[in-house]
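Please walk through the model below with the text at hand, starting from a single residue and widening the view from there to the sheet, the turn and the chain as a whole.

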Amino acid sequence: MSRGVDLWVCPNGPLLVRGDIGVRTGDGEVHRTERPVSAVCRCGKSASLPWCDGTHQLIRFRDEGESHD
Ligand code: FES
């Protein structure tokens, strides 16, 4: 029985996912994690794609079209 997943979009950062997930990348490879909460890169610059490694802070990643005031 699946427990489902919960998603949070971190402003100017990764997508946080709670639950057992697999991320299928463009080449068809599936990256699985069993961590309670995983961070999926949204900036595209992580050295550990598809996972966030914090690089978004170094490059000052900004969401397109979102306001975080
Ligand atoms: S969102 Fe964190 S490294 Fe890309």
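In this predicted model, S46 is a buried residue, because its relative accessible area is 8% and the limit for calling a residue buried is under 20%. S46 belongs to the loop that runs between β5 and α1, the latter spanning residues 55-58. Leaving aside residues up to four places away in sequence, S46 touches C41, W51, C52, D53 and T55. Two polar approaches involve the side chain of S46: a polar atom of this side chain lies 2.6 Å from the backbone oxygen of W51, and a polar contact of 3.5 Å joins the side chain of S46 to that of D53.

C52, which is among the residues touched by S46, is partly exposed, with a relative accessible area of 23%. The structure holds zero disulfides. C10, for instance, is in no disulfide, and the nearest cysteine sulfur to it, that of C52, is 8.1 Å away; this fits the cut-off, since a disulfide requires a pair of cysteine sulfur atoms within 2.5 Å.

From the loop we can step back to the sheet. Three strands form an open sheet in the order β1-β2-β5, and their pairing is antiparallel. β1 (6-9) and β5 (37-40) stand at the edges with a single partner strand each, so that one side of each of them is left without a neighbour in the sheet. On average, and with direction ignored, neighbouring strands of this sheet are turned by 20 degrees against each other. In general, the strands of a sheet pair through backbone hydrogen bonds, and the pairing may be parallel or antiparallel.

The two pairings can be followed residue by residue. β1 and β2 run antiparallel and are joined by four bridges; within this pairing, L7 has V17 in β2 as its bridge partner, while V9 stands opposite L15 in β2. On the other side, strand β2, which comprises residues 15-18, is joined to β5 by four bridges, and these two strands likewise run antiparallel. Here L16 has A39 in β5 as its bridge partner.

D6 offers another view of the pairing between β1 and β2. This residue lies in strand β1 and is partly exposed, with a relative accessible area of 35%. Although D6 and R18 are twelve residues apart in sequence, their C-alpha atoms are 5.1 Å apart in space. Not counting residues up to four places away in sequence, D6 touches L16, V17 and R18.

What connects β1 and β2, and how many residues lie between them? The two strands form a hairpin with five residues between them, and N12 in the turn has a positive phi of about 55 degrees. The turn is also approached from a later part of the chain, as the backbone nitrogen of N12 lies 2.9 Å from a polar atom of the side chain of D63. D63 lies in the segment after α1 and is buried, with a relative accessible area of 8%. A polar contact of 2.4 Å joins the side chain of D63 to that of R42, so the side chain of D63 has polar atoms close to both N12 and R42, at 2.9 Å and 2.4 Å.Seen as a whole, the chain has a secondary structure of one helix and five strands, and from the N terminus on its elements run β-β-β-β-β-α. Buried residues make up 29% of the 69 residues in the chain. Of the contacts with a separation of 6 or more, 26% are accounted for by residues 24 or more positions apart. As for the confidence of the prediction, the mean pLDDT of the chain is 89, and 88% of its residues reach 70 or more. Among the elements, strand β3 (residues 21-24) has the lowest mean pLDDT, 90, whereas α1 has the highest, 98.

Methods
Residues are numbered from 1 along each chain as its sequence is written. This is a predicted model: local features need pLDDT of at least 70, side-chain atom pairs count only at pLDDT 80 or more; totals for chains, interfaces and linings use all residues. Side-chain values use heavy atoms; hydrogens and water are left out. Two strands pair if DSSP finds at least two bridges between them. Axes are lines fitted to C-alpha atoms, for helices over the stretch in contact, and angles run from 0 to 180 degrees between N-to-C directions. Buried means under 20% relative accessible area, exposed over 50%, partly exposed in between (1.4 Å probe, protein chains only). A polar contact is a pair of N or O atoms within 3.5 Å; within protein, one must be able to donate a hydrogen and the other to accept it, and residues adjacent in sequence count only if both atoms are side-chain atoms. Contact means heavy atoms within 4.5 Å. pLDDT is the predictor's confidence in each residue, from 0 to 100.
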